[in-house]
Structure formats: C-alpha cells, structure tokens
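The following exercises invite the reader to study one protein chain step by step. Each task is followed by a worked solution.

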Amino acid sequence: MAADLLGGSAIGAVFGELLRAVLEAREKAKNFKPQLEQLQSTLSNNVSVIKKIEKYNELLDYPKSETQLMIEKMKEGEQLVRRCSTVKWNYIKRTRYADKLIKLNSLIDRFFQVDMQAQQTRDNKEILLGMRDLQRSFTACTSNGSIGVKFSQDGIIRPCSVPDPPEMTPGLDVPLEELKRELLRDGKQVIVVSAPGGTGKTTLIKKLCKDEKVEDKFKDNIFFVTVSKPHNVKVIVRKIIQHMGKDVYEFQTDEHAINDLERLLKEMQSPPILLVLDDVWPESESMLHKLKSQLPNYKILVTSRSVFPKLGFGYNLKPLNDEAAETLFRYTVGGDSYIRDKKLVNKVLRVCKGSPLALTVVGRSLCGRPSAVWKSRVKEWQDATIFHSNTDLFVCLQSSLDALDDKLKECYMDLGSFPEDHRIPVTTLIDMWVELYKRDEDYLYAILSDLSNVNLFDLVVTSDDGSYNDHFVVQHDLLRELIIHQSLLEPVEKMKRLFIEISGNNFPPWWLEQNLHPVNARLLSISTDETFSSSWYDIKAPAVEVVVLNVRTKEYTMPNFMEKMENLKVLIVTSCGFLPVELSNFQLLGSLSNLKRIRLERVSISFDMTTIQMKNLQKLSMVLCNVGQVFSSSTFQISDAFPNLKEMDIDYCNDLEALPNGVSDIVSLKNLSITNCHKLSQLPEGIGKLVNLEVLRLASCTDLEALPDTIGNLTNLRFLDISECLSITELPVQIGELYRLETLHMRGCCSCDLPTSITNLKNLEVVQCDEETAYKWEDLEAFFTDMRIEVPKEDINLNWLYK
C-alpha cells in the first residue's frame, strides 16, 4: 500500500496517515466517494514527489516554512476525512464537507507542483549555463574540424515525449489493464485502439505509457507521435530521429525515411521499442503497414476512430459506465455542492452516453449556473443520442456553443482557420481579432479565458513574462469539426468565414464555379498539403480582412488573387511541415494599402522582401523563421520597407546575428521584441533614436553581451526584459536615465551588476528577478517608494520545443 511506502520523517509520516485515512474512509463515507477518490488519486500520484521533497530538504538549504505549513494542513485534512465517515443525511453538512475536500485536494496538488518547481530551479539554471558552455565547446571543436556534433540551446530536442494524462480519468482502469496485458505479452506487433471521437482514446494511451510496468519495459524508447490529417511519413520519421538525438536530414521518399528509421532502430541492439501513433485517420492505413518491421521487441500502438482489422490486435474502447460517467461529471461541475438536482444529473448522464468529451463540455457549461439554466439545457439535450452518429453528437455539443453570447461565439468560430492538432499562438488570434472586432488585447484575452473556462479548448501557458508570446490555444479535433460543420450550413456566398482544405490540386467545386459571384467572407483560411503545386485558380473575395495560409510544402507561391483584396488587414502564414517554407511572390503585398499586420511562422524570408514597401504596416511578427540572409543584406533597409511600423516581434530566429539595417530609423516603433535569438550578440548603437519605444523585450538572447549606452535616450520606455540574457554582466550607467521605466524583468541575471544610477528610476514599480538578484535589489529598496520585487517560481526555458 502506498501509505506504507513512506519514511518516518515529518512530512512523509503525516502524508502517509492522510492517505491511510482516505483509503479507510472510502469504504464508509459513500456520500463523499467522488471527492475521496480524487483526493486518493492526487496523493497516490505524488508518493514519489513526497520522497523527493524529503530528500531535497535534507540535502539542500531550502526554507522549511512552506513544508511545515503543509504538514499542518495535511493533519487538519486527516481529521476532516475521518469526520466524513460520521456524516449521514444532513444535506447542508454534506455540501460543506464536500467543498472542504475539494479545497484540500486543490491545496495539496498545488503544493506538490510549486514546491518541486522551486527546489529544481537552481539545478535547472546550472543545466542551462552548462549546456550553453558545452554547445560553445562543441561549436569550437566543429570549426576546427575535430568533431561534428550539434547541440540545441537546451540540449537534445525531444518532440516525441509522452504527454501527461488528465488528472481525473475514471473508468479507464479495466481498459488500461487489458491493453497493458496485450502490450507486454509476445503477441501481435500492432495494437489498434479504436472508438468515436471524444471517447478517451488518447487519454487511455497516455496513462498506459506512464504505467510503471510499461515504462520499466520500454524505458526511454517510447516515441509518442500525433499523426492527424493529412499524415506525413517523412515528418514522423524526422521527429523520431530527432527525439533519439540523431542528425536530421531531408528524405527524398517515404521509403528512404522508413529504411533509415529501421537502420537506426537496429543499431539500438534490440531493446524493447514502443511507437505510439495517435489520431490516425482511415487514409493513413498504408502508412501503418510501412512502419511495421521484423525487428524483435518492436510494438506499434495506434489510436483511431477507425478499425484496421488487417493490422493486428484491435481494442474497441467503450463509453464510460454510469458510475465513471457520474464521477467525471461531478468532478467537472466542481463537486456535489454544485449539483442542482439529482434527477437532472441522471438526465445529463443519459444524454452524454458515457462520452468523456461530452460530459466535460456539458459539465463546464453548467458549472455554477442556476437551476433554471440546468433545466433549460437538459430539456434541449434529453432527446439527443450523442454517439449514435456524428450528427447526434454535433446536436448535443451545438447546444453548448449556442449558449455563448454573440461575441464569444464569433471569436470561437474563427478557430476553424487552423489545422487539427495545431497549437494556436494566442498572439495570432489577437492579431486577427484586433482588426476584425476592433477590441484591445486585454479584452480579447479575457474572451479566450471565458471560452477556456467552458472547456471549448485548452488555454496553455508555458511561461508568463507579461506578454502573450508563450500562451497557446489547443483545440480538440471533435470540437474543431463542430466549427467546420457549423460554417458549412450556409451557402458559400453568404459565409462570414471560409475554411478551405486543398488536397493535392483538388480545389472545391464551388471555387471553380464562383467566378460570376464573389464570396463575401471577412476571414479566408486556406490549408494545403505537401503535394500542392501552388497553381492557383482565381477567386473574387473583396470583403476579406484576414487571410490565414497553412502550408505544408517546402516552396509556396503567394496567390495572385490576394493582390485584389483591397480590405485585407491581416496576413498569417504558417508552415505546418517540418522545415521552413520558402515563400515567393511576396512582393504582391506591396499593393495592399490596408494591410496592417503580418505574422510569419517557420518561413524562410526571401529577397522579395528587399524590394517591397508597405507604408501602412503596423506589426511584423516572425517566429522560427530564417531571416539572417535577408537581414544581413546591405541592400535591405527595413526602414524603407516598413517605415511606419509600431510593433516588431522576432522570436526563435536562430540565424539572427544582428538586427536589420535601418531598424533604428523606424521612430514610430513602440514595441520591439527580440527573444530567444541565441546568436544575437549586440544591439545597434542607433537604438537610442527610437524615442517612442515603450516596450523592449530581449529575453533569452543568451549571447547578447551588453545594452548600448544610447539606451538612456529611450525616455518613453516603460517595460524592459533582459531575462536569461546570460552574457550581460553589467547594466550601463545610462540606464538610470529611463525615468519612465515601470517594469524591469531580469530573471536569470544573477551575474549582472547594478550601477548606482539605477536608483534614479523613481517610477520603477516592479522588478522581476531570481533569488540571487533579489538580494541586490533589497539593498536598494530605500531609494524607491513603490517598488515591488517579485521572485517567480521559474523553470528552465524549454518553450521553443512546443513552437
């Protein structure tokens, strides 16, 4: 039993007693079964964590106040759990105790996450510094011809790591054991888990891959790949090879890619290998046959909405039974205290038919709502049969969509512009919505938060640096299909938004027939696959304000019909393939006088840009782009191309060694963000001419050696971020002239000295830094009236892995 595995030290002993109390109470306190099961799950999942906390507390000099507080809370929690066994039929008391159990679970879960993060911070920082030095050593060796190894900034990229399953997963214990038994025995090579969308297939295999026995057999040789639609064998193989830490290169054919993968797997000398292919569509069956191999101890685990009987062992995941469905629903709505009527719960369970997705979406939509809303919603749903067919599922989920007010629904529908299983940057959505709906960024982020709260998508924050650069939206494929389904209910010429997917060169029939009738959509999204030839047909779309191009080819020609989109305000181009896309015909954008925002992701910037002039462009964003060749060209003056730019965002552009010529002449700039560009070593002295600059972000430019002396001329600067600029050893004296500076971020800058002139920053309100730097600022607190020093719980910056 987990409670008996802990040592006798203070926190371990108290933790063990609480877990033992929960296990005993589960059999007696039937009224609190969901809350106790949730608490048991949280405690059991953190047994290893509690041991690490004890170990670190012994070895390292960390503050013990938080640990002592947690000990007291767990003691109180043990008493609470034991009292639950004595509560009988008093409804008010049951509700109160249920709420206390939920809060106790939340407190314990948060403690484990925060405490371990804090204890790992110093080790993580040492790793970051060590890897930078190691990278430089290897780079030096490479330049001398002695070795050919390449390291990424933070070590080997691991794109095929197994994601963590959700916290609450009732009803999966039996399927987990059945699948595990088949996986661990010498049976068929391929196992296919099939079920309708939203049934929990992906959650099940995540739990399976995290199972102790499975991890013990396959160890680090579990490769988790989301396939989706359309599949790309070469991209899948590249990800696996990159995960193995091997050099990745271009494959000419699928056969070459698979042969190279098999060769590498053979070189591993036959350890057990598990390849997980998640969300495989019917048209990808041929790919699965290609990935089979005669290697011993090699297994392939597949999830799909389809059954592939020719491949191997098939497992059909059933919907949740009534008990598991009720547990998940009660958890989703927030516990028993939020249940309005037991009869209404039973009706919801009948409507949802054991679908985890439907239970979660419906539960979130009812959480905290009054009884009248419950009754109205249930009345709408009770005749629906969710998994009888996709149409019925759409009907049920549609009611949650209809519950949104107009502004939320309009924004949510725009998410259909992006491919399935694509992490949508929040900044991309904000760029679209600022122009479509004329609202500011904070208002639009609040809309995203509202949509996330009703579980229509996941809002993922990988770091919080005061911007939205590391905030992402993750859609569920079924809910994305709901958006597409909804958009197709109107005739093409009346659609507000057009979502077009082109396979090969097969354009939709209406496109070829619409020359006489222009479309009136404001939003146009075109997704093309890897076989698209960039041979475009004309389309008349004079009302379009936002164009989203999702590209999978290595080369892509911008369509000429865009030149006639006189109302176009936003252009978003994203390469969804493995390599950056080379754009051509970029110069046509010069004729679009209303174009205000351009975002390019995984794009190789071509010399077309050197001849372009866009006087009205206000924001330019480039993420994971190849920019060095153009930006270093003596013929390119960015101030000529974009003379009235207000915002420029360059993120993870690894070949950027210097800012483009003329950047200091764009005096209209208010926001300049150059982040995670590890080869950038200096800023131009002329940066002091940007007298209107209000925000300057330079985070994680690890080779940036100093801030120029002219920075003191930026007298309108309010926000400065130099976090993780590891090569900056001192701030210039002139920084004291930034008398309007309100916020300074300098996490990971413990070796950076502060000049005495820093005390002149009388308007400084927030300094965010690491613990070591905080001591330097604490010595200066007497010089500031309202300054607040923040020491966030920080993680090593690996966000670029998810871009």
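Two strands pair if DSSP finds at least two bridges between them. Helices (H or I, at least four residues) and strands (E, at least two) are DSSP runs, numbered from the N terminus. The model is predicted, so that local features need pLDDT of at least 70 and side-chain atom pairs count only at pLDDT 80 or more, while totals for chains, interfaces and linings use all residues. Residues are numbered from 1 along each chain as its sequence is written, and side-chain values use heavy atoms, with hydrogens and water left out.

**Exercise 1. Determine the strand order of the open sheet that contains β14, and identify its edges.**

Solution. Step one: the order is β12-β14-β16, with parallel pairing. Step two: β12 (555-557) and β16 (603-604) each have a single partner strand and stand at the edges, so one side of each lacks a neighbour in the sheet. Step three: three bridges link β12 in the parallel sense to β14 (residues 581-584). Within this pairing, Tyr-556 has Leu-583 of β14 as its bridge partner.

**Exercise 2. Describe the open sheet that contains β6, and state which helix packs on it.**

Solution. Step one: three strands are arranged in the order β6-β8-β7, and their pairing is antiparallel. Step two: the edges are β6 (424-425) and β7 (458-461); each has a single partner strand, so one side of each is without a neighbour in the sheet. Step three: β6 and β8 (residues 471-474) run antiparallel and are joined by two bridges, with Pro-425 opposite Phe-472 in β8. Step four: helix α19 packs on the sheet and touches β7 and β8, its direction making about 125° with that of β7. Contact means heavy atoms within 4.5 Å. Axes are lines fitted to C-alpha atoms, for helices over the stretch in contact, and angles run from 0 to 180 degrees between N-to-C directions.

**Exercise 3. Establish how α17 and α19 are placed relative to each other, and which residues join them.**

Solution. Step one: the axes of α17 (residues 406-413) and α19 (residues 441-453) come within 10 Å and cross at roughly 85°. Step two: α17 is therefore roughly perpendicular to α19, a class that covers 65 to 115 degrees (under 35 is roughly parallel, over 145 roughly antiparallel, and the rest oblique). Step three: α17 contributes Lys-407, Leu-408, Cys-411 and Tyr-412 to the contact, and α19 contributes Tyr-443, Ile-447, Asp-450 and Leu-451.

**Exercise 4. Is Thr-428 buried or exposed, and which residues does it touch?**

Solution. Step one: Thr-428 lies in helix α18 (residues 426-437). Step two: its relative accessibility is 2%, so Thr-428 counts as buried (buried means under 20% relative accessible area, exposed over 50%, partly exposed in between, with a 1.4 Å probe and protein chains only). Step three: leaving aside residues up to four places away in sequence, Thr-428 touches Phe-418, Ile-572 and Arg-599.

**Exercise 5. Which residues touch the most other members of the largest nonpolar core?**

Solution. Step one: a nonpolar core is a set of buried Ala, Val, Leu, Ile, Met, Phe, Trp, Tyr and Cys residues joined through side-chain atoms within 4.5 Å. Step two: among the 99 residues of the largest core, they are Met-562 and Leu-589. Step three: not counting residues up to four places away in sequence, the residues touched by Met-562 include Val-547, Leu-549 and Leu-568. Step four: a second, separate core has 37 residues, including Leu-357 and Tyr-412.
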